[in-house]
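Dear colleague,

Please find the structure below, passed on to you for your files. My findings follow directly after it.

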Amino acid sequence: MILWRLIPELPLLKRELTELAARRRTYVVRTVGAVVILSLAVYFVGDALASFVGNAFPGERNTTLKLLGAGAIAFPRLVWLLFPAIQILMPSMTCGSITIEKERNTIGTLFVTRLSPMTIVLEKLGSRLIPMLSVLILTFPMLAFVYSLGGVDQTLLKATIWLVLWECLLYASIGLLCSAWYSTTVGAFVASYVLTGVLFTVTVILDFGIPTPFRLWVEYSRGMTMGGGRGGFLQTLATMGYPLWGVFLATIPVMLFVVCALLLTRFLLFRRAFVSQSSLLLKIFRRVDFFFHNLNQQAGGVIVFADRESFPESDPVAWREREKKSLGKARYLVRILMVLELPVLFICLWAAIDSSGLPTRGLSQLLLVIWSVVAMIVTMKASTLLSSERARETMEALLSTPMTGASILRQKIMGMHRLMMVLAAPLLSVHLTLILMYMNFSLSFTSGMLFQLFLLLMYGGISVLSTWMLMNTIAWVSVLCGARCTTQARSVMTAMVVVGSWICLSWTVFAIQRNPLVYDQYSGANLVGVYGRNYDPAEIGLAGRSFLRMLRIDGAIQANDELLTSITSAAFRTESGRYFREAVENPVSEILFSLLVVVWHVGLCWGVRWIALRRSSRLLGRNDENLSTEELFGAGLQTG
Amino acid sequence: MKTGEQAVAGAVGSQKPMAISLRNLRVTYGKFEAVKGISLDIPQGEVFGFIGPNGAGKSSTFRVLATLQPKFLGQALVCGLDVLRQPQKVRDIMGFVPDFFGVYEDLTSLEYLHFFAAAYRIPMEKRKSTIDDVLTLTDMSHKAHSPVDGLSRGMKQRLALARVLLHDPKVLLLDEPSSGLDPRARIEMRELLKALREMGKTILISSHILSELSQLCTRIGIIELGKMVAQGSLEDIYRQLQVMRVVHIRVENASPELYERVKQIPGVHEVEQQVDRWAIRLQEHDASIADLHESLVAAKARLTMFQPEAMDMETAFMKLTEGKTV
Ligand SMILES: Nc1ncnc2c1ncn2[C@@H]1O[C@H](COP(=O)(O)OP(=O)(O)O)[C@@H](O)[C@H]1O
Ligand SMILES: [Mg+2]
């Protein structure tokens with residue numbers, strides 16, 4: 001009891017934790033997090049044990065981290081998993097901690113209490129750190145099991161706990177910093193991920209050979225997982241004979257970073273407490289505009305897009321999204337187009353010139369990358385279409401007009417079509433590059449030229465169609481997810497989780513498809529082949545692939561991609577020394593399967609749209625007359 | 001107050017249907033019952049004031065009438081149209097200004113009105129003149145081209161009124177239109193509402209400030225904790241409550257005898273001697289103001305001032321809601 005009294009009273013921390021405990025979302029997040037981490041852990045440990053059994057004595061080179069039992073291999077791998085988990089979870093847990101007070105207008109009352117600013121920052125930090133650690137603790141059974149396998153020495157254990165703790169603090173402090181800077185949770189959410197992502201990528205790419213804060217993860221895997229060999233500062237320090245001191249020294253930059261971030265947070269806490277909620281994007285654009293305007297005046301140039309008053313004719317909601325929103329106005333879209341299109345064009349050009357390897361493979365991956373970005377942008381926009389009206393209290397006025405709920409939803413999506421077209425541009429330019437390249441490669445030395453031309457045309461047509469359909473699917477899914485939420489932050493998060501998991505699923509499927517152990521690209525054997533000996537392996541391969549394509553967010557595009565490879569000659573396919581695609585004798589089956597996948601995606605889009613329109617009145621929160629079939633199905637083509 | 005049967009007859013009968021008719025309206029949020037059985041009839045052309053403290057259930061009732069509440073019990077008719085079954089038609093003849101309303105910060109006033117003109121499907125050729133009309137009516141013409149975001153609260157409120165007037169609705173639902181306005185904006189708003197009353201629109205208006213509605217409304221309903229506590233014309237309510245009116249008089253020949261005589265006048269409840277005047281508390285249903293004046297003159301009082309106090313709404317309200325909020 002006496003000890004208990006020694007702990008200072010932490011009112012804010014207490015409140016935050018109570019609040020978190022009262023929210024259902026907390027438990028959902030924890031359960032999902034735990035399930036994901038645990039299942040991955042099982043997978044990793046299993047993998048590690050398998051490999052340990054496989055090669056009897058790995059790591060002949062004896063390092064300080066002795067490889068005695070299997071635990072020595074499994075343990076670091078398991079812990080290694082915690083780092084990305086922290087990296088993914090921590091920003092989203094901390095980014096709302098201060099912005100939510102700003103959004104609720106309670107930050108002022110927080111300031112007039114006797115809590116010092118630094119206390120506020122630290123208690124906020126603590127309130128997010130504790131749940132994170134509680135999620136991590138869920139992996140303890142796994143860790144204990146692995147530890148019991150033996151081979152994990154005390155030093156490794158201590159070093160690991162130390163590193164994991166600082167990794168948590170690192171990402172928490174960045175999330176907190178963003179939370180102090182931004183006025184909305186959505187802004188802080190996006191910024192914290194962009195910031196951590198950029199910092200991580202940059203420090204990983206630019207290996208300075210010194211312990212930069214964001215390299216902990218990489219260093220851990222290098223220095224400890226493989227039992228050495230590949231260097232890195234943890235390894236170097238460990239071999240110097242002071243493993244724990246080495247780990248401590250290596251975390252000094254992290255500590256400095258965290259302290260700086262917290263001090264900066266404290267500095268910004270007051271200064272950015274009452275900033276206006278206007279869109280950051282719009283602000284940036286205005287700056288840029290101002291710059292261009294000045295430039296124009298000096299150069300005596302012409303103004304291409306001027307802001308004028310304009311009036312809607314029939315679809316006011318679509319009109320407003322199109323003409324008045326930053327992501328709808330032509331002049332801003334042109335800029336987004338440039339930002340997205342230029343790097344893509346550059347890569348395409350590079351791929352086209354570089355004829356040494358198999359550039360198409362890189363381009364297909366590029367498609368998935370672009371897709372992930374595009375899907376995120378569409379999700380952000382679509383999920384806030386309705387909640388932004390709710391947040392600004394403009395919803396009721398809109399709903400009391402005689403427009404039907406279905407019409408409001410349709411107009412909202414229609415207003416996004418310009419943005420979608422802009423986002424489609426980089427995707428379609430990759431497709432165009434592919435078409436041009438295949439024309440170059442294959443048309444010259446095959447006989448059925450007309451058929452191939454037909455396939456190329458078909459490829460082009462399907463590319464456009466499926467890109468459009470997928471974007472609309474994502475938009476409708478996001479509307480469905482975000483419609484009932486009252487705050488923008490929540491609707492973005494909900495939709496992001498749904499679309500994000502879809503993207504993750506796509507990447508997993510992608511990895512499966514690339515993994516020769518699981519799925520052999522060119523014989524269709526292994527998993528599929530083993531269970532279906534009686535069937536033609538190629539056909540089964542095709543069927544299995546089509547099924548996997550159906551799961552992927554960009555599946556229709558990928559399935560369509562197969563059309564192209566189906567017409568390449570065998571000579572091209574073996575060029576790099578090994579097959580990377582299945583040799584298809586019969587392009588007709590490819591056509592059929594890719595059509596099947598495309599039809600599935602079109603159906604998916606229409607299905608989601610149909611559900612959204614059917615539920616429109618409930619999504620919007622008012623009562624409507626029953627929709628006519630015409631309303632549900634008619635006028636559908638224009639909105640996809 | 002009308003009985004239920006009469007009201008139903010009014011709503012169903014061959015004559016003009018009631019502009020607004022509520023039958024035993026109940027609105028629940030989860031387990032919490034916000035509106036507990038309100039019945040209400042408002043004939044066309046009437047201005048009905050809905051008074052109640054915060055959280056009484058005013059906005060919930062408005063949301064039902066504005067077709068924005070999908071789930072409720074009871075019946076709600078607007079001009080004989082069922083809110084649940086014909087919401088589209090109801091929206092065509094009704095204009096709703098919600099209690100909290102935001103405006104699109106990215107539009108100018110003119111664009112804002114054009115937006116809603118399109119939403120109300122006003123024919124293209126009529127739009128410009130209609131919008132000019134409502135801008136003039138609400139005295140917003142000079143702000144037509146300024147961004148909505150920069151308008152003062154009073155102007156935003158007027159713009160919201162302009163918005164609901166676009167499609168010339170028969171029924172206006174105004175939820176606390178003058179909350180948060182400064183006195184000048186408040187008076188301007190009241191004048192505007194009077195103009196609308198002259199135009200023959202049925203208006204249902206709510207407020208938690210009583211004196212605000214007393215000059216405007218033909219009838220008043222007082223709602224508390226989801227129940228209608230009193231309903232009727234101002235006089236009805238006073239009579240119901242036996243609220244006394246205060247008349248201030250100043251007499252040249254003030255004397256104890258006169259004081260005694262004044263106290264004897266029928267209907268006078270109490271006479272309070274103040275520094276420069278006498279405050280007479282009058283039971284109005286016993287004697288009217290005019291009666292009092294006559295009696296005073298008959299009692300040989302030489303009046304230099306005769307000033308009936310404006311109806312004491314606050315007292316009425318306090319009296320009505322006494323002890324009921326707990
Ligand atoms: N959407 C809602 N969900 C839950 N409770 C609500 C909701 N809207 C209103 N309430 C509750 O219903 C009661 C009546 O609210 P309201 O009709 O807005 O009152 P008023 O407009 O008279 O101030 C309040 O106690 C309020 O808390
Ligand atoms: Mg209200």
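Arg63(B) and Glu396(A) form a salt bridge in this predicted model, with their closest N and O atoms 2.0 Å apart. The count of salt bridges across the interface of chain A and chain B is one. Polar contacts between the two chains amount to six residue pairs, both residues of each pair being at pLDDT 80 or more. On chain A, helix H15 (316-323) and helix H18 (395-399) each contribute at least two residues to the side that touches chain B. Sorted by class, that side of chain A consists of 13 charged, ten nonpolar and eight polar residues.

As to the extent of this interface, 31 residues of chain A and 40 residues of chain B take part in the contact. Together the two chains bury about 3100 Å², and carbon and sulfur atoms account for 55% of that area. Glu396(A) appears here again: with Pro402(A) and Asn623(A), Glu396(A) supplies 23% of the area that chain A buries against chain B, more than any other three residues.

Within chain A there is a second interface to report. The chain is divided into domain 1 (10-271) and domain 2 (341-639). Each of these domains of chain A gives five residues to the contact between them. The area buried between domain 1 and domain 2 of chain A is about 530 Å², with 84% of it on carbon and sulfur atoms. On the side of domain 1 of chain A that touches domain 2, four residues are nonpolar, one is polar and none is charged. The number of salt bridges between these two domains of chain A is zero. Residue pairs in polar contact, both at pLDDT 80 or more, likewise number zero across the interface of domain 1 and domain 2 of chain A.

Finally, there is a metal site to mention. Which protein atoms are the donors of the magnesium ion (ligand 2)? They are OG of Ser59(B) and OD of Asp99(B), which lie 2.0 to 2.7 Å from the ion. Ser59(B) belongs to helix H2 (residues 58-65) of chain B, whereas Asp99(B) sits in the loop between strand E6 (94-97) and helix H4 (109-119) of chain B; the pair therefore ties together parts that are 40 residues apart in sequence.

With kind regards

Methods. Residues are numbered from 1 along each chain as its sequence is written. Chains are lettered from A and ligands numbered from 1 in the order in which they are written. This is a predicted model: local features need pLDDT of at least 70, side-chain atom pairs count only at pLDDT 80 or more; totals for chains, interfaces and linings use all residues. Side-chain values use heavy atoms; hydrogens and water are left out. Domain bounds come from an automatic or database domain assignment. Contact means heavy atoms within 4.5 Å. Buried area is the accessible area (1.4 Å probe) that two parts lose on being put together, summed over both. A salt bridge is a side-chain nitrogen of Lys or Arg within 4 Å of a carboxyl oxygen of Asp or Glu. A polar contact is a pair of N or O atoms within 3.5 Å; within protein, one must be able to donate a hydrogen and the other to accept it, and residues adjacent in sequence count only if both atoms are side-chain atoms. Ala, Val, Leu, Ile, Met, Phe, Trp, Tyr, Cys and Pro count as nonpolar, Asp, Glu, Lys and Arg as charged, and the others, Gly among them, as polar. Helices (H or I, at least four residues) and strands (E, at least two) are DSSP runs, numbered from the N terminus. Donors are N, O and S atoms within 2.8 Å of the metal (3.2 Å for Na, K and Ca); water is not among the atoms, so sites may look incomplete.
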